[in-house]
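Welcome! Here is a short guided tour for someone meeting this protein for the first time. Take a look at the picture, and then we can walk through it together.

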Amino acid sequence: MNDGHHVPQELPVRERSFRTSSGRHRRPVPAHLPPDAPALVLAAPGIGGDVATAVKTIVSVDHPQLDVRLVNLGDSKASLAETLTECAAERPAGAPAAIVVPLVTGPHQQVYRAVREAVAESDVVTTIADPLGPHPLLAEALHVKLSESGLARADRMRLFNIAAPVDGIIVATVGGPEAVRAADATVVLLAARLTLPVVAASLDASPGVGDAAQRLRNIGASRLALAPFLIGPEVDPHKITKAAESVGAGCSDPIGAHSAVAQLVALSYGSSLTGVDPE
C-alpha cells in the first residue's frame with residue numbers, strides 16, 4: 001500500500017503490450033485450436049447482466065477460435081454444472097472439457113466456492129483459473145475510469161487534465177480481507193501512475209472504506225475519490241455509491257467491460273491450456 005511515500009522508480013508506470021515470457025497472464029491464446037479444445041466458461045458473480053454479456057461478446061469476437069460460454073452464478077449454481085456437463089459431452093471422454101474463468105479481479109471466496117462445488121457436482125475435467133488481477137492493465141483501467149469521471153488526470157502523454165482534482169484514492173474491492181491484501185499490488189501500480197497516495201479497502205469487510213479514508217486524511221489528503229476495483233456484477237452498485245458518500249468521496253464507475261478485462265480473460269485461458277488438470 002502507498003501512504004504518500006516515495007514510489008520506487010522501477011515500478012511500471014504503464015504497460016500496453018503483452019510479453020510471451022513465462023509467468024501468469026503471459027501466454028496468449030493460440031491462433032488455432034483443435035475442435036475439442038476446452039471451452040472457456042466465464043463465471044460471473046450475481047446475475048451477470050449486461051457487463052458480463054459484453055465481456056463474453058468481446059472475447060468471442062477477438063478470439064473466434066474459442067468456444068466461449070457465460071454462466072451467471074446468481075441464477076443457479078446448477079447452471080454451471082450443467083454447462084460443464086454439456087462441454088464434456090462435446091469432447092472426447094476424459095479430455096479436458098472447460099477452463100472456468102471467474103469474472104473477478106481478486107480473491108472472492110463465495111464465487112470460488114460456488115465454482116468448485118459446481119465442478120465437483122459435474123465430475124468433469126475442468127481447470128479453474130485464478131482471478132484476473134493483479135495486473136498492470138487493471139491499474140490502467142482504474143486510471144481510465146477515474147479520468148472519465150473527472151477524478152484523475154488522464155494519460156499525461158496526451159497532455160490532458162494537468163491539475164489533479166483529488167489528492168487521495170481509495171481502491172474498493174469485495175471478497176473480504178484477502179481481497180484487500182491482493183489489491184495491494186494494484187494500489188502500488190495506480191499510485192505510480194497518478195503520483196498520489198492510494199489505499200485499498202473492502203466494501204464487505206474490514207478494513208472498510210471509512211478506515212481507508214481516515215488513513216488518507218491522516219497524511220493530509222482531503223479530496224478523496226473511490227475507485228471500484230470491480231468488474232461490476234460482484235456487488236450492488238448502490239453499495240458502492242453509499243460507501244463513497246459516507247466518506248465524502250467522488251466515485252468512478254466499476255471497470256466494466258473494459259478491453260483490459262477481455263484481454264485478461266483470454267490470457268487467463270491461454271495460460272491454463274498447457275496444464276489442464278482436474279480440480
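Which residue follows α4, and what is the sign of its phi? The residue is G150, and its phi is positive, near 75°. Please keep in mind along the way that this is a predicted model.

## The protein as a whole

Let us start with the overall picture. The secondary structure comes to nine helices and eight strands. The protein has 279 residues, and 53% of them count as buried. Its accessible surface comes to about 12300 Å², with 53% of that belonging to carbon and sulfur atoms.

Contacts across the sequence are worth a look too. Among contacts with a separation of 6 or more, 78% are between residues 24 or more positions apart.

## Helix α4 and its surroundings

Helix α4 covers residues 136–148, which makes 13 residues. From its first C-alpha to its last it reaches 18 Å, close to the 18 Å expected at 1.5 Å a residue.

Eleven of those 13 residues are buried, so α4 is largely enclosed by the rest of the structure. Among the buried ones are P136, L137, L138 and A139, and the list also includes the charged-letter positions E140 and K145. What covers them includes two strands, β5 (168–173) and β7 (224–228), together with the helices α6 (184–194) and α9 (259–272).

## An open parallel sheet

The strands β5 and β7 also belong to an open sheet of four strands, in the order β6-β5-β7-β8, with parallel pairing. At the edges stand β6 (198–202) and β8 (250–251), each with a single partner strand, so one side of each is left without a neighbour in the sheet. Further in, β5 and β7 pair in the parallel sense over five bridges, and I170 stands opposite L226 in β7.

Two helices lie across this sheet. α6 lies across β5 and β6 and runs at about 145° to β6. Helix α7 (residues 209–218) lies across β5, β6 and β7, at about 160° to β6.

## A buried arginine in a loop

Is R91 buried or exposed? With a relative accessibility of 8%, R91 counts as buried, because the cut-off for buried is under 20%. R91 is found in the loop between α2 (77–89) and β3 (98–102).

A polar atom of the R91 side chain lies 2.7 Å from the backbone oxygen of A37. Leaving aside residues up to four places away in sequence, R91 touches D36, A37, P38, A39, D67, R69, P96 and A97.

## Backbone details in the loops

Most residues other than glycine have a negative phi, and most peptide bonds are trans. With that in mind, a few spots in the loops are worth finding.

Where are the cis peptide bonds mentioned here? One runs from G133 to P134, with omega near 0°, and P134 is found in the loop between β4 (126–128) and α4. Another joins S206 and P207, with omega about 0°; P207 lies in the loop between β6 and α7.

Two residues that are not glycines have a positive phi: D123 at about 55° and T195 at about 50°. D123 sits in the loop between α3 (109–122) and β4, and T195 in the loop between α6 and β6. D123 is exposed, with a relative accessible area of 71%, and T195 also counts as exposed, at 53% relative accessibility.

Definitions and conventions: Residues are numbered from 1 along each chain as its sequence is written. This is a predicted model: local features need pLDDT of at least 70, side-chain atom pairs count only at pLDDT 80 or more; totals for chains, interfaces and linings use all residues. Side-chain values use heavy atoms; hydrogens and water are left out. The expected span of a helix is 1.5 Å times one less than its number of residues. Buried means under 20% relative accessible area, exposed over 50%, partly exposed in between (1.4 Å probe, protein chains only). Contact means heavy atoms within 4.5 Å. A polar contact is a pair of N or O atoms within 3.5 Å; within protein, one must be able to donate a hydrogen and the other to accept it, and residues adjacent in sequence count only if both atoms are side-chain atoms. Accessible areas come from the Shrake-Rupley method with a 1.4 Å probe; for residues, only the protein chains shown count as cover. Two strands pair if DSSP finds at least two bridges between them. Axes are lines fitted to C-alpha atoms, for helices over the stretch in contact, and angles run from 0 to 180 degrees between N-to-C directions.
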